[in-house]
Amino acid sequence: MIWGVLQFPGSCDERDALHACTLAGGEARLVWHEERDLDGIDAIVVPGGFSYGDYLRAGAIARFSPAMEAVAEFAADGGPVLGICNGFQVLCEAGLLPGALLLNEHMRFTCRQVQLIAPRVHLTAPEHGQLNARRDQLGGEALSIPAKHGEGRYWAPDEVLDGLEAKGQVAYRYAPGQNPNGSARDIAGVRNEAGNVLGLMPHPEHAVDPLTGSTDGLRVFEAVAAAGAPA
Amino acid sequence: MAKARVLIRPKEGILDPQGKAVERALPALGFEGIEHVHVGRMVELEAEDPERLAELCEKLLANPLIEDYEIQTL
């Protein structure tokens with residue numbers, strides 16, 4: 001299992017992401033933003049930070065980098081992609097994930113530990129040609145992970161949000177009362193319809209060592225690794 | 001080269017905390033009776049082919065999901 005962690009000018013969490021990838025299993029290397037060649041890489045992480053200074057809009061310029069063009073092809077071929085914080089913003093700007101991340105409701109940079117719920121998803125047989133998913137109302141897996149961002153308010157039109165919920169694409173929600181930014185329906189992370197592209201605002205790569213209080217972040221990387229393990 | 005100005009603003013119905021903060025600050029400065037404040041961006045540019053500006057806005061200058069844009073050729 002070989003991980004590729006993108007590095008843009010302005011990225012700042014790529015080293016922690018590399019560390020988390022190796023803890024989750026496998027080798028990891030940085031992929032410079034001008035690289036196009038992802039040969040041999042089994043999973044991609046688009047890390048946090050402020051790519052290209054976040055000028056114009058967070059993630060808006062990074063999306064046009066050669067590495068991101070390669071990631072779009074990688075994702076289209078079913079390769080697993082994890083976007084964290086700025087990486088989530090980049091994936092939304094690139095159209096690989098639905099929605100957008102807006103300025104936090106209270107306009108302050110937020111930096112604190114948040115509790116997340118990963119809703120259990122029951123996928124049922126296709127019905128009338130549509131995939132039918134139902135979220136387990138009894139809850140799901142709980143994770144404690146730090147969040148640190150100024151533009152993390154997830155937003156999408158209501159009909160898109162309804163679709164995400166119906167198809168089980170809401171990957172993480174802030175636990176009740178934990179929403180740090182005013183995100184729609186407490187959404188902290190979403191996946192694409194195929195399920196191979198995942199983005200979330202909180203930082204699982206900062207929660208992989210008991211020294212810093214929680215190792216729940218490893219589970220996020222392990223889930224991506226499971227999807228990307230060579231057959 | 002044609003000079004142009006692109007105005008980008010948050011779409012109606014999407015919470016605009018910057019606009020809200022400005023609006024809330026106004027009464028303290030003695031500006032009463034001002035409402036519906038929205039804060040956006042303005043981009044000034046010169047273009048060889050102004051016909052392509054809409055495409056430029058859709059692709060980069062604005063995120064059409066969350067923002068409206070208006071092109072003013074000068």
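**Two positive-phi residues, a buried alanine and the A–B contact**

In this predicted model, L56(A) sits in the loop that runs between β3 (43-46) and α2 (66-76) of chain A. The backbone here is worth a look: the phi angle of L56(A) is near 75°, a positive value in a residue that is not glycine. L56(A) is partly exposed, because its count of 17 other C-beta atoms within 10 Å falls between the limits of 12 or fewer for exposed and 20 or more for buried.

A positive phi also appears at M107(A), where the angle is near 65°, again in a residue other than glycine. M107(A) belongs to the loop between β5 (100-102) and β6 (110-127) of chain A. With 12 C-beta neighbours inside 10 Å, M107(A) counts as exposed.

Turning to a helical position, A17(A) is part of helix α1 (residues 14-24) of chain A. A17(A) is buried, with 30 other C-beta atoms within 10 Å. Beyond its neighbours within four places in sequence, A17(A) is in contact with V5(A), V45(A), P47(A), I84(A) and E205(A). As for G48(A), 31 residues separate this glycine from A17(A) in sequence, while the C-alpha to C-alpha distance between the two is 8.8 Å.

Finally, the two chains meet in a contact to which chain A gives ten residues and chain B gives nine residues. On the side of chain A that touches chain B, six residues are nonpolar, one is polar and three are charged.

Definitions and conventions
Residues are numbered from 1 along each chain as its sequence is written. Chains are lettered from A and ligands numbered from 1 in the order in which they are written. This is a predicted model: local features need pLDDT of at least 70, side-chain atom pairs count only at pLDDT 80 or more; totals for chains, interfaces and linings use all residues. Two residues are in contact if their C-beta atoms, placed from the backbone, lie within 7 Å. Ala, Val, Leu, Ile, Met, Phe, Trp, Tyr, Cys and Pro count as nonpolar, Asp, Glu, Lys and Arg as charged, and the others, Gly among them, as polar. Helices (H or I, at least four residues) and strands (E, at least two) are DSSP runs, numbered from the N terminus.
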